[in-house]
Amino acid sequence: MASPAVTLETEKRNILAKIFRQLFIPLLGIITALIVGAIIIFISGFSPLQAYGGLWKGSFGDLEAINGTLATATPYMFTALAVVFAFRAGLFNIGAEGQIKIGAISAAWVGINVGGLPSFLAIPLTLAGGCLGGALWGAIPGALKAWSGAHEVITTIMLNYIATFITSWLVGADGPMKAPARMSQSDQIGENARIGTIVQGQPLHWGLVIGVTMALTVWFILYKTPLGLEIRTVGANPSAARYAGINLKFILLATMAIAGMLAGMAGSLEVMGSPGFRYRYNAALGSGYGFDSIAIALLAKNNPLAVIAAVILFGALKQGASQMQFDTVAADGRQLPGDLILMIQALVILFVAADQVLRWLYRIKAQGGEGVVLTRGWGKAE
C-alpha cells in the first residue's frame, strides 16, 4: 500500500500534468498565430521583430502599459463570463452588448440619484441598479425562449438594437438623462457612488478585482452547486434534464438573467470607475462588446477560470496595437496597416478556438472532454 507521501506526490504530478494538457493547445495556438502573423508582416514589407516588439512594449512594456492592458480587459471579464454562463446551458447569448448598455444606463441613473448618500450605501446601490437592469434585459430572451421557443440568437440581436436606441434616446438631444452641454452623455454620478482607481492617474479601477472574484464565483456556481449541475445538464441534453425532473423553463430564464446581470455589472463598473467615461453614461459605452465577448469565450473554451487569462490576452492585443503600428513606421512613412493588426488578433483567436485545426497541423491526438452545446434550434423548452 502506497504511503501518504507517495500518494500526495502522485496527486501533485497528476494535477501538474492536467494543467499542462489544458494549457498546451492554447499556447501552441498563440505561438502558431504569431508565426503566421510574422510571415504576413514580413511579406507586407515590415519587420516582424519590430512589430512584435512594439506589441509587447505597448501591452506589458512598463507599469503604464500593464495598467492599460488590464483596464482594457476588465469589462470583457464580465461580458465574456455572461457568454460562457449562457453557453453552459446551451444558450447563445449575443446580447452582451445590449445588456452592458442597459446595465450602464441603469447604474448611471441610480448613481446620479443616490450619489449624495454615504459611499457604503451609494456604491452597492449603484452597482445593484446596473446589475438589475442587465438581469432584466437578459431575462427577456430567456423568457421568450422558455415560453415561446423564440431562438435566443434572434431575440438577443434584436434586443441589442432596442437597447442601443433606448439608451441613445435617453442621452440624446431631447433625452431626459442628457447632461447640459454634453453630446450623448448623462450627468456624472455622485462622487460617493464612484469606485476608485487602483493606481492614481491610471485607468485601471477596482472592477478588475471584482471581475476575478466573479470568475471564481461563476466557476463555483457551475461546478459546485445544484443549480450549476442543472444548468450543465440542460446544456448537455435537455431531454435527459426534463426526464430527471429539472424545470427547464426556470433554468433558461435564470441562466439568461444571470448572464445579463454579469454584463450589466460590466456597464455599471465602467460608469462607476473608468476615468475614460468620466463617471457618466456615454453612448459609446459597450459598442462592439457583444461579438468580442463571444470570441473571448471561445478562446477560453467556455471555462470561467480561463476567461481571466483570455481577457488579459485580448486586452494586450488591443492595448499594444497602437504601439505596434507606431514602431513599424518605415523610412518612406508607411506603417503597419491597422487591418493587419486586427487580422493578427483574429488569428490568435482562430488558432486557439479551432484546436482541431492545430491537432491536424501538428498531428496531435484528440482527447476526450466535456463538450458544450453552443446553441439549439427554435422550439419550446417543454
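**Exercise 1.** How are H7 and H8 oriented to each other: roughly parallel, roughly antiparallel, roughly perpendicular or oblique?

*Solution.* Keep in mind as you work that this is a predicted model.
- Start with the axes: helix H7 (residues 207–224) and helix H8 (residues 226–236) come within 5 Å and cross at roughly 75°.
- Angles of 65 to 115 degrees count as roughly perpendicular, so H7 and H8 are roughly perpendicular to each other.
- Next, find who touches whom: H7 brings Ile221, Leu222 and Tyr223, while H8 brings Leu227, Gly228, Leu229, Ile231 and Arg232.
- Finally, sort these residues by character: six are nonpolar, one is polar and one is charged.

**Exercise 2.** Describe the aromatic pair of Tyr76 and Phe314.

*Solution.* A pair of aromatic rings is described by how far apart the centres are and by the angle of the planes.
- There are five aromatic pairs in the structure. In the one formed by Tyr76 and Phe314, the rings sit 5.2 Å centre to centre with 70° between the planes, an edge-to-face pair.
- Now place the partners: Tyr76 belongs to helix H3 (residues 63–88) and Phe314 to helix H12 (residues 304–319), so the pair links distant parts of the chain, 238 residues apart.
- Check their surroundings: Tyr76 and Phe314 are both buried.
- Tyr289 joins Tyr76 and Phe314 in one aromatic cluster.

**Exercise 3.** Are Phe87 and Phe92 buried or exposed?

*Solution.*
- Phe87 and Phe92 form a tilted aromatic pair, 5.1 Å centre to centre and 55° between the planes.
- Buried means under 20% relative accessible area.
- Phe87 has 1% relative accessibility, so Phe87 counts as buried.
- Phe92 has 18% relative accessibility, and therefore counts as buried.

Note on methods. Residues numbered from 1 in each chain as written. Predicted model: local features only at pLDDT ≥ 70, side-chain atom pairs only at ≥ 80, totals over all residues. Heavy atoms only, no water. Axes fitted to C-alpha atoms, helices over the stretch in contact; angles between N-to-C directions. Helix = DSSP H or I, 4+ residues; strand = E, 2+ residues; numbered from the N terminus. Parallel < 35°, antiparallel > 145°, perpendicular 65-115°, else oblique. Contact = heavy atoms within 4.5 Å. Nonpolar A, V, L, I, M, F, W, Y, C, P; charged D, E, K, R; others polar. Phe/Tyr/Trp six-rings, centres within 6.5 Å; stacked < 30°, edge-to-face > 60°. Buried < 20%, exposed > 50% of the residue type's maximum accessible area, 1.4 Å probe, protein only.
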